[in-house]
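Open the model in your viewer and keep the sequence panel beside it. We will go stop by stop, from the whole chain down to single residues.

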Amino acid sequence: MPAEALHDPPIDCPLCPRLVAFREHWKTQEPDWFNGPVPTWVGSVGSKSIKLLIIGMAPGLRGANRTGRPFTGDYAGDLLYGTLKKYGFASGEYGGEANDGLQLNQTAITNAVRCVPPENKPVATETNSCRSFLKATFVRFPELQVAITLGKLAHDSTVRALGERVAGNPFGHCVHHDTKPFSLISSYHCSRYNTNTGKLTTEMFERVFARAADIVQRKI
Ligand code: SF4
């Protein structure tokens with residue numbers, strides 16, 4: 001299978017030398033951590049039942065890079081999973097570990113950049129290189145109805161992956177974009193920085209998921 005068709009990168013993906021070096025560094029420092037490209041989390045359901053896709057920026061060093069599951073093990077996960085549960089997109093208890101038993105309902109979670117970047121900042125070439133996996137992820141979920149993009153980097157990369165113009169689909173909080181074959185809702189990222197500074201409140205974040213729930217329910 002050609003690399004362009006892979007929806008999850010190989011564990012030793014070599015495409016971004018800076019991120020490969022960072023992965024290798026942390027493998028030495030923390031050999032029990034995941035320390036690799038974090039795959040999309042689909043839960044135990046099949047790809048054809050996925051209606052909502054959450055797209056984050058990149059794994060957090062001590063979150064997904066440690067646990068191997070997107071948004072798991074750091075602050076951003078507390079807010080994301082609590083909100084997913086509230087709107088019926090997840091069930092069970094979120095425990096901050098990949099084996100906590102939490103289930104996703106009609107939902108998958110991925111990142112625009114699959115490897116943890118130094119200082120939480122991917123560069124453009126890395127985002128561009130990882131986009132082939134994002135594009136293949138869209139193909140993987142043929143019944144996808146809406147994607148929530150968390151932060152501008154994830155949003156812009158998703159718009160480009162769909163072959164649309166970023167200028168025609170500008171990032172903004174809780175903005176709905178009528179893209180094809182599924183629509184997008186852009187949202188501020190649920191990072192501790194954004195919530196601590198008041199840029200994103202729980203209520204603002206919940207509005208995004210209420211809108212997504214409305215879209216999914218309307219099309220079932
Ligand atoms: S960020 Fe993506 S493209 Fe770059 S090395 Fe990791 S998996 Fe490969």
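Start with the ligand. The residues of the shell around it divide into ten nonpolar, one polar and two charged. Keep in mind that you are looking at a predicted model.

**Stop 1: the ligand shell**

Select the ligand and show its neighbours. There are 13 residues around it. The closest are Pro9, Cys13, Cys16, Cys115 and Cys130. Now colour by secondary structure. Two elements give two or more residues to this shell: α1 (17–29) and α4 (124–140). Which element gives the largest share of the shell? It is α4, with three residues. Next, look at the space that the ligand takes. That space is the largest cavity.

**Stop 2: the whole fold**

Zoom out and switch to cartoon. Count seven helices and seven strands. Walk from the N terminus and the order reads α-β-α-α-β-β-β-α-β-α-β-β-α-α. Turn the C-alpha trace along its principal axes: the protein spans about 50 × 35 × 35 Å. How does the radius of gyration fit a compact globule, and what value does the protein have? A compact globule of 220 residues would come out near 17 Å, and the protein has 16 Å, so the two agree. Colour by accessibility next. Buried residues make up 54% of the 220.

**Stop 3: the largest pocket**

Turn on a surface and find the largest pocket. Its volume is about 550 Å³. Its lining consists of 24 residues. Select Ala76, Asn120, His189, Ser191 and Arg192; these lie nearest the pocket centre. Then highlight α3 (75–86) and α6 (192–196), each of which supplies at least two lining residues. The largest share, three residues, comes from α6. What is the make-up of the lining by class? Eleven residues are nonpolar, eight are polar and five are charged.

**Stop 4: two positive phi angles**

Most residues other than glycine have a negative phi. The next two selections go the other way.

Select Asn35, in the loop between α1 and β1 (52–56). Asn35 is not a glycine, yet its phi is positive, about 50 degrees. Is Asn35 buried or exposed? Its relative accessible area is 1%, so Asn35 is buried.

Now go to Glu119, in the loop between β4 (107–111) and α4. Phi is positive here too, near 55 degrees, and Glu119 is a residue other than glycine. Check the surface around it. Glu119 has a relative accessible area of 70%, so it counts as exposed.

**Stop 5: a cis peptide bond**

Most peptide bonds are trans. Centre on Lys180 and Pro181 and show the backbone as sticks. The bond that joins this pair is cis, with omega about 5 degrees. Pro181 itself lies in the loop between β6 and β7 (183–187).

**Stop 6: a buried loop residue**

Select Asn169. Its place is in the loop between α5 (152–161) and β6 (175–177). Is this loop residue, Asn169, buried or exposed? Relative accessibility is 9%, and under 20% counts as buried, so Asn169 is buried.

Finish with a distance. Draw a line from the C-alpha of Asn169 to the C-alpha of Gln29. The two are 140 residues apart in sequence and 41 Å apart in space.

Notes
Residues are numbered from 1 along each chain as its sequence is written. This is a predicted model: local features need pLDDT of at least 70, side-chain atom pairs count only at pLDDT 80 or more; totals for chains, interfaces and linings use all residues. Side-chain values use heavy atoms; hydrogens and water are left out. On a 1 Å grid over the protein atoms alone, a cavity is a set of points where a 1.4 Å probe fits but cannot get out, and a pocket is an open set with protein on both sides within 12 Å along at least five of seven lines; lining residues have an atom within 4 Å of a point. Grid points are joined across faces, edges and corners, and a volume is the space filled by probe spheres set on the points. Helices (H or I, at least four residues) and strands (E, at least two) are DSSP runs, numbered from the N terminus. Ala, Val, Leu, Ile, Met, Phe, Trp, Tyr, Cys and Pro count as nonpolar, Asp, Glu, Lys and Arg as charged, and the others, Gly among them, as polar. A residue is near a molecule or strand if one of its heavy atoms lies within 4 Å of it. A molecule sits in a cavity or pocket if more than half of its atoms lie within 2 Å of its grid points. The radius of gyration is taken over C-alpha atoms; the globule rule is 2.2 Å times the number of residues to the power 0.38. Buried means under 20% relative accessible area, exposed over 50%, partly exposed in between (1.4 Å probe, protein chains only).
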